[in-house]
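Please go through the points below with the model open. They start with ring pairing and end with the overall fold.

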Amino acid sequence: VKRIEKKRSEQQHDGDDEMDDDFEEMLVASCPVLEKTPLCTLSSFHTIGEKMKIGLSAYPDGGGVVKESCLGIPKGKQNDISTLGDFCSALELVQLSFSSSEYHSAVADLYKRSLIPVRRILADLNLQKDEIDEVVMVGGTTRMPQIRVMVQKELGVQSLNTHIDPDITVAYGAASVID
């Protein structure tokens, strides 16, 4: 009985996914501009923000400005929309720009907190900075040029190893704990 209920639940869920896919296809078919440019929604802002962040990483010394766009409905036109056609006709391109200085301001607290784990692990292991042979940076904030510079300065190392696969790093870490 449980298998049958699970199967029905999966089928219902799959049906919901298919319905969502069908709706998305209908929306894009009715409004082709959505194929090239996303709507300005909270979910699309995550993707747009990620693209902008990656774009700004090309300017490690600052001074960069990146631009992305999405489609939105201008104020005053919301009440004029009653059909999908009206919706598509009302969409206008919204240009978003983000500068290096705006980015640094937005993540300033992250910069302040980023060295806390480094200092904590040194204290927990009773290690001195000059006892460190190599610093391996993998994943997350370690991809940020500013974080890399801060870690390099904090530990007084000439270079950072940023070329190791994160999965391999985890394996080495696990092996060193076992050893």
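**Notes on the predicted model**

1. Aromatic pairs. This is a predicted model. Ring centres must lie within 6.5 Å to pair, and the count by this rule is 1 aromatic pair. The partners are Phe98 and Tyr103, set edge-to-face. Their centres are 6.3 Å apart, and the planes meet at 80°. Planes over 60 degrees apart count as edge-to-face, so 80° qualifies.

2. Exposure of the two rings' residues. Is Tyr103 buried or exposed? Tyr103 is buried, at 11% relative accessible area. Phe98 is partly exposed, at 25%. The cut-off for buried is under 20%, so Tyr103 falls below it, while Phe98 does not.

3. Helix 7. This helix spans residues 145–155. Its buried residues are Gln146, Ile147, Val151, Glu154 and Leu155. They cover an arc of only 150° around the axis, so they sit on the same side of helix 7. The cover over these buried residues includes helix 4 (100–106), helix 5 (108–114) and helix 6 (116–124).

4. After helix 7. Gly156 follows helix 7. The phi of Gly156 is positive, near 65°.

5. Element order. The protein chain holds 8 helices and 2 strands. Read from the N terminus, the order is α-α-β-α-β-α-α-α-α-α.

6. Burial and contacts. Of the 179 residues in the protein chain, 21% are buried. Among contacts with a separation of 6 or more, 62% join residues 24 or more positions apart.

7. Surface. The protein chain has an accessible surface of about 13300 Å². Carbon and sulfur atoms account for 53% of that surface.

How values were computed
Residues are numbered from 1 along each chain as its sequence is written. This is a predicted model: local features need pLDDT of at least 70, side-chain atom pairs count only at pLDDT 80 or more; totals for chains, interfaces and linings use all residues. Side-chain values use heavy atoms; hydrogens and water are left out. Buried means under 20% relative accessible area, exposed over 50%, partly exposed in between (1.4 Å probe, protein chains only). Helices (H or I, at least four residues) and strands (E, at least two) are DSSP runs, numbered from the N terminus. The arc is that of the directions from the helix axis to the C-beta atoms. Contact means heavy atoms within 4.5 Å. Accessible areas come from the Shrake-Rupley method with a 1.4 Å probe; for residues, only the protein chains shown count as cover. Rings of Phe, Tyr and Trp (its six-membered ring) pair if their centres lie within 6.5 Å; planes under 30 degrees apart count as stacked, over 60 as edge-to-face and the rest as tilted.
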